[in-house]
Every structure is written in C-alpha cells, then in structure tokens.
Amino acid sequence: QVQLVESGGGLVQAGGSLRLSCAVSGSIFSINAMGWYRQGPGDQRELVAVINSDRSTNYAGSVKGRFTISRDNARNTVYLQMNSLKPEDTAVYYCNAGVITGRGLVFYWGQGTQVTVSS
C-alpha cells in the first residue's frame, strides 16, 4: 500500500507565493520520477513540473522561471515552490510518483490540493 499526501495549497493574491509538499509512504523500494500536475475548472489535467531520480527537471512553459520543483529522497517528499503566482495558476494540484514496489513500477496519485490565486 502506497500513499501520497499533499499539503500547502490555499488562497493567495496574485504575485504571492506558495509551497506545495507531497510525502510518499508505504511499501516502497525506491521512487523514480516525481511530478506535479494541475487541473483547472473545465480543463484537462496538465503537467506542471517533473523531477527525475537524477534530479533533472522539466517544466511547463507557463511556469518556467516562476516554479521550482525539488525532492528530498530521505523523506520521500517532493516540493513545488510557486512564486509570482497568477490567477491562471488557479487549479487543483496533484502529486504523481513512479514508485518501485514489490509489483514493479507503479504510478500513484495524491488526492489533490486546491490553489486559488486572486487578482
């Protein structure tokens, strides 16, 4: 059993900052890529940022230069530092992790955390 628990969402004014966290727990051998996705009202879920096991990163063009993804392997936790937030960043943010378990590589999702940016 593997669980992803997110925290850090909330309401912030445009130009403000938030930091999201996602802790992975359970029967884990190791974690490959970890990422953040978001889904706005009426939109499809989209990739925001991903960090691989070698700490290489990729970002959506819309957040590049404003968001920073990082991971703490000792805590099995991934973070998303979001700066210079815009109203269009408003969405439910989901954590995703590729976890090596006894069944091999399995991808898990967190429950989502709401981020609302007011203008």
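**Exercise 1.** In this predicted model, find which residues Q111 is in contact with, leaving aside its neighbours within four places in sequence.

*Solution.* Start by locating Q111: it sits in the loop between strand 10 (104-109) and strand 11 (113-118). Now list the contacts, taken as heavy atoms within 4.5 Å: L4, V5, E6 and Y94. Next, look at Q3: Q111 is 108 residues away from Q3 in sequence, yet their C-alpha atoms are 9.4 Å apart in space. Finally, check accessibility: Q111 comes out at 49%, so it counts as partly exposed, since exposed means over 50%.

**Exercise 2.** Work out the order of the open four-stranded sheet and which strands stand at its edges.

*Solution.* The order reads 1-3-8-7, and the pairing is antiparallel. Strand 1 (2-7) and strand 7 (67-72) have a single partner strand each, so they stand at the edges, with one side of each left without a neighbour in the sheet. On average, neighbouring strands here are turned by 15 degrees against each other, direction ignored. Zoom in on strand 1: six bridges tie it to strand 3 (residues 18-26) in the antiparallel sense, and L4 faces V24 there.

**Exercise 3.** Trace the partners of strand 9 (residues 91-101) and decide how enclosed strand 9 is.

*Solution.* Take the partners one by one:

- Strand 4 (residues 30-39) pairs antiparallel with strand 9 over eight bridges; G35 stands opposite N96.
- Strand 10 is joined to strand 9 by six antiparallel bridges, with A97 opposite Y108; a hairpin of two residues links these strands.
- Strand 11 runs antiparallel to strand 9, with three bridges; Y93 stands opposite T113.

Now the burial: nine of the 11 residues of strand 9 are buried, so the rest of the structure largely encloses this strand.

Conventions
Residues numbered from 1 in each chain as written. Predicted model: local features only at pLDDT ≥ 70, side-chain atom pairs only at ≥ 80, totals over all residues. Heavy atoms only, no water. Pairing = 2+ DSSP bridges. Axes fitted to C-alpha atoms, helices over the stretch in contact; angles between N-to-C directions. Buried < 20%, exposed > 50% of the residue type's maximum accessible area, 1.4 Å probe, protein only.
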